[in-house]
Amino acid sequence: MQKIVIIPTYNEKENISNIVRAIFALEQQYHVLVIDDSSPDGTADIVREMQDAFPGQLFIEQRKGKQGLGTAYIYGFRWAVARGYEYIFEMDADFSHNPKDLDNLYEACVNGADVAVGSRYVRGGGNVNWPRNRIILSKGASFYTRLIIQLPVKDPTAGFVCYRREVLEAINLNEIKFTGYAFQIEMKFAAWKLGFVIREVPIIFRDRTYGASKMNKGIVKEGIIGVLNLRWQSWFKDYRNRVKKTNAGSFPAVGSELLAKTKQ
Ligand SMILES: Nc1nc2c(ncn2[C@@H]2O[C@H](COP(=O)(O)OP(=O)(O)O)[C@@H](O)[C@H]2O)c(=O)[nH]1
Ligand SMILES: [Mg+2]
């Protein structure tokens, strides 16, 4: 199997089994890795109960306490690269991202993209049922990001993405420290700065029906300051060199450590 969908979860008991089943029902085959931050609602237990029905296809890693979306993905990226997956996806648990769009992201990566971004702000994309304030925030973030750092992506905070493994291998993941929107922006910025091809694929994003958003003011603040920080670093601090993996040997070492840990 070459394709794995990483789903970070925090209190997603109403969604997790349905989203996992929806992915396994697709014609294309995907593996799924859930990164759960010890959700108090028992999300991880639901996943573990499902593992018998999907042996070797459904994986879960549990971390201690809520540590943020960004570090959950970094953990998942390392896990997936260490196991040799070629196409590594980010996707939310709450059905805001339609599992059927996974195939379109995959196609884009097979046909020349290094990073395929599920985008609300290209022709054919959009938001459904999202409150007005969230749409304003999301579009504002897009405008602000393009203005400040010139990232040529219309939906820079998008969290529905397919990365080719080479991209995640080329980026020094130790240097990606943001956790919320800023994490999504920085991953795209780093890929772009390293010369990878980013392509946007239209998606319709739907507000969640079940469970609650974990969005908060801190995430917005991190985004505003984070983008300025990227601007500063790319002008004065040689951002490209900082984020580029120079010691190729360090990555498999981290991966095999993880592999040993998760096999116990
Ligand atoms: N592991 C982990 N997952 C998280 C964390 N915060 C949010 N998530 C998950 O990330 C995804 C997107 O979060 P969500 O609250 O829907 O954000 P929104 O769509 O911007 O309102 C969902 O699957 C959440 O369960 C976290 O701190 N740790
Ligand atoms: Mg959501």
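**Notebook: ligand shell, helices and core**

I began with the shell around ligand 1, which by class has seven nonpolar, five polar and eight charged residues. Here Ala, Val, Leu, Ile, Met, Phe, Trp, Tyr, Cys and Pro count as nonpolar, Asp, Glu, Lys and Arg as charged, and the others, Gly among them, as polar.

A note on the model: it is predicted, so local features need pLDDT of at least 70 and side-chain atom pairs count only at pLDDT 80 or more, while totals for chains, interfaces and linings use all residues. Residues are numbered from 1 along each chain as its sequence is written, and chains are lettered from A and ligands numbered from 1 in the order in which they are written.

Which residues are the closest to ligand 1? I found Pro8, Ala72, Ala93, Ser213 and Lys214, out of 20 that surround the ligand (C-beta atom, placed from the backbone, within 6 Å). Strand E1 (3–9), strand E2 (31–36) and helix H3 (69–82) each give two or more residues to this shell. Helices (H or I, at least four residues) and strands (E, at least two) are DSSP runs, numbered from the N terminus.

Next I looked up helix H1 (residues 16–24), where Ile16, Ile19, Val20 and Ile23 are the buried residues (20 or more other C-beta atoms within 10 Å of its own; exposed is 12 or fewer, partly exposed in between; C-beta atoms are placed from the backbone). They fall within an arc of 100° seen down the axis, so they line one face of H1; the arc is that of the directions from the helix axis to the C-beta atoms. Their cover includes E1, E2, helix H2 (43–51), strand E3 (58–62) and helix H4 (102–110) (contact: C-beta atoms, placed from the backbone, within 7 Å).

Then I turned to strand E7 (residues 161–164). Val161 and Tyr163 are buried on one side, and Cys162 and Arg164 are buried on the other. Strand E4 (residues 87–90) pairs with E7 in the antiparallel sense over four bridges (pairing takes at least two DSSP bridges). Ile88 stands opposite Tyr163. Strand E5 (residues 115–119) also runs antiparallel to E7, joined by three bridges, and Ala116 has Cys162 as its bridge partner.

Last came the largest nonpolar core, with 74 residues; Val5, Ile6, Ile88, Phe89 and Ala116 have the most contacts inside it. Such a core is a set of buried Ala, Val, Leu, Ile, Met, Phe, Trp, Tyr and Cys residues joined through C-beta atoms within 7 Å. Helix H7 (residues 181–193) gives the largest share, nine residues.

Methods: Two residues are in contact if their C-beta atoms, placed from the backbone, lie within 7 Å.
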